[in-house]
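Reader: I've got the sequence and the 3D view open. Could you walk me through it, one question at a time?

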Amino acid sequence: MEILVCVKRVPDTSENEIVINSGGNDIERDDLVYSVNEWDNYAVEEAIQIVDKVGGSVTVVTVGDDESEEVLRREMAMGANNGILLTDDAFEGSDGKGIATILKGAVEKGNYDLILTGAQADAGAAQVGGMLAAMLDYPYASLVNLIEAGDGKLMIGREIEGGNQEMNEIELPCVLSIQTGINEPRYVGIRGIRKVASVEIPELGAADIGVDASAVGEAAAKVKRVDYFVPDTGEGAEMLTGSTEEIIDKLIEYLKAKGGLK
Amino acid sequence: MGEVFAYIKHAQGVADDSALELIVAAKKIAPGAPVTAVVTGTGADLDKVCTAMAAVYNAVWKIDNAALAYPNAEVVRKALVNVVPAGSIVLLPHDTFGMDLGPGLSIKMNVPFVADIVGVDGVDGGTLKAVRQEFSGQVSTHVSCDISGGAVMNIRGGVFQADGSAAGGAVVDKSGEAGDLSAKRKFIEVVAAEAGDVDITKSEVLVSVGRGIEDQENLEIVFELAKAMGADVSCSRPIVDAKWLEKSRQVGTSGQTVKPKVYMAMGISGSFQHMGGLKGNPFIVAVNKNTKAPIFQVADVGIEANILEFIPELTEKIQEL
């Protein structure tokens, strides 16, 4: 099976405090720790496991700049066979539909049976996979937490409310968005990264993948970010301060009063 | 601006909570405009939901078809594209169904998609200014979108509180316009979640642990604290993803819905999916080393600390009581 996995380089929210810049038009990006979007990492692992079982190859693709290449290499160190960097000034400022349009161009340059994305990324929109599928006229399923490969089709599980799982049969080719927890992504060590350090990663621009530059990028974006802000959430939590001992004493008083200690 | 529609999610003849929230969102997005509920399904359950929605919405469009008996987003999308007029605004809940349906629907309707809306800051001309969250809820952002030619918008649950809207609309049968509903994705069944050794939905006090615990071995301190407090241990999603605790202990929309008196969120950032599993207005204590964590916005008491250091000290003090 030929599998394409769409990945994104994002600020790691478990490693960073996200702070808004002085202009209020972006987050403070200096000194941020970036990594591959967590959901995407599960998607790549799943693709590798499918190929291990049924044969084929895994290609990882991202839309970004030179710095995005590091996440492609990381996923290749995990075991993805090929990487493609989609990069072009015309891509900058694309909204979700723009990104899906770019990815569609990359899909049509290849011959993929299965396309995976993470269920969501840093903007939390969970939109690119579904848009890409609709543009390609491929069937789509989101929040997938189980894949069993069959002949010309897959049996998939979707994570739905309450910890329940919705089982579906889906025809190939298709697009699936992958939920975390579907597998246990393998560890990538320094040695693994070194092994793929010199592998050539092709860079493709709008013209290379047959994408109309005016259909992507900031000018084509219908959904535009106006600013970033920290919402006024009222009082929020009463922050307990003082020495650890003082904090614990105060907390225990609260717990006693609220029935938290039995 | 086009007509405004709200898709009504339902099961066993009962509308989802989102049904009463979408109309509140619709009134903010298109003040004064009539709002039509679209309900898909089949048989008596569908009729029951349509009748209930007619009391709330200005009109109800019913689409009855055996292929819609289970809400498979791929099939629902086809029905909506065929039935809803071009240029309309369609509101969906931003849940596991809305995420499945919304993005693709927007492409097929050729309208913009706005995901996971948590607020509406008004509409100027045809341009909507909406509030979203990014980076795991650590910051908010205003987005603008021209919705004069229609849009698909996913609305986060619990943000727009039901306001007792009443309209008394009529049910219109649109089943004949649904068209071809064949799809390349077939719904098979729903597999119910497995029960675990502890039923956290019955717990009065929960010590809940998140990513801040860092390592499986560190879970021991959480169980010790829970034991000292007479509480049960629950967790957030990353702990289950890492297979450190069983799924039945996960609090959140994709896990259990709990209603304790006291909830100790230890090293939990507090994503909306996590908070969606917490009901009954418990007293929430949040301990986290990241003061930007959204959990501090909803907690009653917050402590900025590394849980790996804080929990053992708290346990010791409680044991001394």
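**Two chains, a few questions**

Author: Sure, and keep in mind that this is a predicted model, where local features need pLDDT of at least 70, side-chain atom pairs count only at pLDDT 80 or more, and totals for chains, interfaces and linings use all residues. Residues are numbered from 1 along each chain as its sequence is written, while chains are lettered from A and ligands numbered from 1 in the order in which they are written.

Reader: What share of chain A counts as buried?

Author: Buried means 20 or more other C-beta atoms within 10 Å of a residue's own, with C-beta atoms placed from the backbone (exposed is 12 or fewer, partly exposed in between). Out of the 262 residues of chain A, the buried share is 48%.

Reader: How many helices and strands does chain B have?

Author: These are DSSP runs, numbered from the N terminus: helices are H or I with at least four residues, strands are E with at least two. For chain B that gives 9 helices and 18 strands.

Reader: Why is helix α1(B) called largely enclosed?

Author: Among its buried residues are Leu20(B), Leu22(B) and Ile23(B). The helix is largely enclosed by the rest of the structure because the buried count is 9 of the 12 residues.

Reader: How far apart are the end C-alpha atoms of helix α1 of chain B?

Author: The expected span is 1.5 Å times one less than the number of residues. For the 12 residues of this helix (residues 18-29), that should be 16 Å, and the model agrees: the end C-alpha atoms are apart by 16 Å.

Reader: What box do the C-alpha atoms of chain B fill?

Author: Taken along the principal axes, the box for chain B is roughly 70 × 45 × 35 Å.
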